[in-house]
Protein chains: 2
Amino acid sequence: MKRIELPPSLPRTVVLLSHRAPVTFRRSDGERSAKRGAGGLVTALSDLATQLEDVRWVCAASSEEDGAVAGEHRGEAVPIALSDDPHVVEGDDGEHAVVPVRFVAVPADQHERFYAKISNPVLWFIQHGLYGLWSAPDLGDEEHRAFDDGYVPVNEAFADAVADEVQAAGGDALVMLHDYHFYLVAGRVRERCPDALISQFIHIPWPGPDAWRVLPPSMRERLVRGLLGCDVVAFHTDTSARNFLVTVQELLGLPVDLSAMAVDVDGRTVRARAYPISIDVAGLRELAESPAVTERVGELSQTLANDECRMILRVDRTDPSKNIVRGFQAFKLMLEDHPELAGKVRFLALLQPSRLDVPEYAAYLASIGAEVARINAEYDDLDHEPVDLRLVQDLPLAVAAYSVCDVLVVNAVVDGMNLVAKEATVVNRRDAVLVLSENTGAHQELGEHAVTVYPFDIRQQADALHQALTMPLQERAAKLRAAAQTVERNDIAAWFSAQLADLARAPA
Amino acid sequence: MKRIELPPSLPRTVVLLSHRAPVTFRRSDGERSAKRGAGGLVTALSDLATQLEDVRWVCAASSEEDGAVAGEHRGEAVPIALSDDPHVVEGDDGEHAVVPVRFVAVPADQHERFYAKISNPVLWFIQHGLYGLWSAPDLGDEEHRAFDDGYVPVNEAFADAVADEVQAAGGDALVMLHDYHFYLVAGRVRERCPDALISQFIHIPWPGPDAWRVLPPSMRERLVRGLLGCDVVAFHTDTSARNFLVTVQELLGLPVDLSAMAVDVDGRTVRARAYPISIDVAGLRELAESPAVTERVGELSQTLANDECRMILRVDRTDPSKNIVRGFQAFKLMLEDHPELAGKVRFLALLQPSRLDVPEYAAYLASIGAEVARINAEYDDLDHEPVDLRLVQDLPLAVAAYSVCDVLVVNAVVDGMNLVAKEATVVNRRDAVLVLSENTGAHQELGEHAVTVYPFDIRQQADALHQALTMPLQERAAKLRAAAQTVERNDIAAWFSAQLADLARAPA
């Protein structure tokens, strides 16, 4: 395990905060078991955390057993070996990289309001432009309570845990907060730990000030002001960073400097920066060679991706921002335009059901199923249905599909980055064409090597699919190679180093 | 009739363009009749047009008879006396102000695509933030055709009519284009008439660049580039003017100057400006004294606005951007919070049905009716239903209601200006409180004299209604007086003069 060397001007201690934990404990049949956290961000942060000399990770207790483990350590950070078989380390463990993990438990009803009433529907919808403002949102007593007695106290609880860890390190630490769940944390940490160096990375798009006016000033001003507790507020794209500063200017009336990408507040300078996140290229390629993936490659090659059949692929959560329904509509339109392709092209959709407790998500999943049924019913004379919809989360299957697909579709309404585009690029072996929404962060880096799609234009998406399927081999190969090189150059380590280098230049 | 003196550096000829005509002809029982055009903009422009020495007005033929009248004049401008009894003037008419009106007739199916498929749903929805992007819009073949074979050729037809009029005046004219129907006109007029001085006034909000990305580049770039044919692009608010320039920068990559509020393109300078539109204060006050209004004041005072009953009023088209449903929900919530007010407060809603050929509008009208039914059913023990919903367009009734209401509600999702707020302010006689959305153009001028509402926050709107109803008389009187003075200072004549003065400073 190689160590990350922190630039000398940075504090030695790093305190991470993410909502999701790097490990989750369960109890069944009296036995405690532990599992690594899933998801791109936690995976990336876990890799980084194990390479840091002195790190503490604050995260949410997501199970009763997490709470029990935390309780056994008097609410303090639990030393955990983040190996394939994660476990609590009692005493010294020379073998594994041990990361102290502090689980924060909040009352379930408060957490529900914080997570399922504010963070995921309201903030997510605002930041992805998903509200049709004539009918949604309706902010009534329930939503006000969800904010005042959910988002606010949960943020306070996490801020206090972070501040405890900073103070335990002598007050001088590098604090790295993550994402939209925690817009109120930095302000409170700043109050308790004025000398901390605080950054927050926001992994979803930051829209312009108009979008934030959906919330009343009592909410929106508090959220933005909370973030100004940071030294650096980081995003995946320059557009989001610029939108953040314009929001600060329009909502709080603070004079921002768009050439320096900074704003002065309370005698401090807060900078907005963009660092496009990436993937662990070597790790993913290693996984692509594993038996689990190889086996699935065999399956897919028999049915979906072979000399007789080209395979279009998408891999997404069933999130309305992913634009899955319009993607199928475009596929259907392409088949109508080009009946010669029916039976010769299949669309594999690996979709992980997501946030089904949010009514809009449940409805969206249903509309995905409806659209797939329409297409498959229309082509019922074929040996195989044109769309192969699998509602699963299966990483080896996804990587296998990446490697054998002919076209990868990412047509998101808007997406902070979209790592699927980067992942497929570095493991594909069939000169796949990337069909990529202009509104993804990934488009900033990979757009010139992809077929760009405009996510609301079904006609154009249908044409783009056809263009991708009929692109000459040489052009496909060249584009894929260029895209892969781009990802290799800016991998996850480069993403983290760039942040550290910038933070090292921050005024004390 | 007083004359408007054009600043000496301006061309003598003014060519106006608006979609709606200042007059419409009908034929029934073999008789031709003519009616003045309705709507705030046409009324305002009619007043101005009659005061100009040399003006031509280009507009859409909206009836077969309009086309017949135009045909009788060989498609050239028809001299029309814009009096209360409008009529075609053959020969000289010393008595009335005569305005040459050029009716442009386009094929009905083309006009339908231009108007009911692009202008009103797509552009209106984008500019008012009404799309929930996960499900709308879907741009398919029909929408592409509506643009390519509707919006584009209709804009070309109107541009050619405008250019004809400019050339008839020797090529040197002041061209004043109006609104979102005609984003492609200025570019074409500029090509044919390089020396014309061209302005376009956009009466609806201009959102930031993200909102425009709903359209593919083939549409959005053409629309924005079309507007850059102007010398001045004008809006009601500074926010819209700024958003326009940022859109130019982000979508076309042109370097804009936000301090000069201008952008250089093709060797010309295009400026973005804000001129908040207003009303004819004297004319409205005169109308308020008319018998038609006085009679309706009597009716309203008996039933809705008197010592026993306070009256809340709204006057709107049934447009989703007007936020009518949430307004009723807030009223209901206020009655639940304050049962002592039931029976003592009534809500008069004068709603003009609008654009019912657009499905979203038809659905919105239905949801208005549903919400009103819910409220009135809940309070069925009262002598009078709490909500008096009248689906009418009746200007004397609206003015009567302005004058006797106790609270005027304008809670729009977003609104370019909203003249209802200004109109009520100058004729009210009961010290009415203005409850005004922060997202209206009017809020820029009147916000400090109003109770501000945040249009998505039903809880806050309910509290605001209660605050307005319980405000001490002295405070109400002072606020209303200050608001009225603000409107008096910037009336419709001032709005037009400011534009002319700025245009006179434009480089030739």
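**Exercise 1. Find which residue of E10(B) is the bridge partner of Gln200(B), and describe how strand E10 of chain B is paired and covered.**

Step 1. Gln200(B) has Val233(B) as its bridge partner in E10(B). Strands, like helices, are DSSP runs numbered from the N terminus, with at least two residues for a strand (E) and at least four for a helix (H or I). The model is predicted: local features need pLDDT of at least 70, side-chain atom pairs count only at pLDDT 80 or more, and totals for chains, interfaces and linings use all residues. Residues are numbered from 1 along each chain as its sequence is written, while chains are lettered from A and ligands numbered from 1 in the order in which they are written.

Step 2. Strand E9 (residues 197-201) of chain B is parallel to E10(B), with three bridges between them. Two strands count as paired if DSSP finds at least two bridges between them.

Step 3. E10(B) also pairs with strand E13 (residues 268-274) of chain B, again in the parallel sense, over four bridges. In E13(B), Arg271(B) stands opposite Val232(B).

Step 4. Strand E10 (residues 232-235) of chain B has both faces covered: Val232(B) and Ala234(B) are buried on one side, Val233(B) and Phe235(B) on the other. A residue is buried if 20 or more other C-beta atoms, placed from the backbone, lie within 10 Å of its own, exposed if 12 or fewer, and partly exposed in between.

**Exercise 2. State which strands of chain A form the open sheet of eleven, and which stand at its edges.**

Step 1. The strand order in chain A is E6-E5-E7-E4-E1-E8-E9-E10-E13-E12-E11, with mixed pairing.

Step 2. The edges are strand E6 (87-88) and strand E11 (256-257) of chain A; each has a single partner strand, so one side of each is left without a neighbour in the sheet.

Step 3. Within chain A, strand E4 (residues 54-60) and strand E7 (residues 98-104) run parallel and are joined by four bridges. Ala60(A) stands opposite Val104(A) in E7(A).

**Exercise 3. Decide whether Arg314(A) is buried or exposed, and list its contacts beyond four places in sequence.**

Step 1. Arg314(A) belongs to strand E14 (residues 310-317) of chain A.

Step 2. Arg314(A) is buried, because 24 other C-beta atoms lie within 10 Å.

Step 3. Apart from its neighbours within four places in sequence, Arg314(A) is in contact (C-beta atoms, placed from the backbone, within 7 Å) with Gly327(A), Ala349(A) and Val409(A).

**Exercise 4. Explain where the buried residues of helix H9 of chain A lie and what covers them.**

Step 1. The buried residues of helix H9 (residues 281-288) of chain A include Val281(A), Leu284(A) and Ala288(A).

Step 2. Seen down the axis of H9(A), its buried residues fall within an arc of 70 degrees, so they line one face of the helix. The arc is that of the directions from the helix axis to the C-beta atoms.

Step 3. An α-helix has 3.6 residues a turn, so residues three or four places apart point the same way.

Step 4. The cover over the buried residues of H9(A) includes helix H10 (291-303), helix H13 (395-404), helix H14 (419-427) and helix H17 (473-489) of chain A.

**Exercise 5. Locate the cis peptide bonds before Pro137(A) and Pro137(B), and classify Arg355(A) and Asp29(B), which have positive phi.**

Step 1. The bond from Ala136(A) to Pro137(A) is cis, with omega near 0 degrees; Pro137(A) lies in the loop between helix H3 (108-127) and helix H4 (141-168) of chain A.

Step 2. In chain B, the bond from Ala136(B) to Pro137(B) is cis, with omega near 0 degrees.

Step 3. Arg355(A) has phi near 50 degrees and is buried, with 20 other C-beta atoms within 10 Å.

Step 4. Asp29(B) has phi near 55 degrees and is exposed, with 5 other C-beta atoms within 10 Å. The loop that holds Asp29(B) runs between strand E2 (23-28) and strand E3 (31-36) of chain B.

**Exercise 6. Describe the side of chain B that touches chain A.**

Step 1. 31 residues of chain B are in contact with 31 residues of chain A.

Step 2. Helix H4 (141-168) and helix H16 (458-469) of chain B are the elements that give two or more residues to this side. H16(B) gives the most, with three residues.

Step 3. The residues on this side of chain B comprise 16 nonpolar, eight polar and seven charged. Here Ala, Val, Leu, Ile, Met, Phe, Trp, Tyr, Cys and Pro count as nonpolar, Asp, Glu, Lys and Arg as charged, and the others, Gly among them, as polar.

Technical notes:
Two residues are in contact if their C-beta atoms, placed from the backbone, lie within 7 Å.
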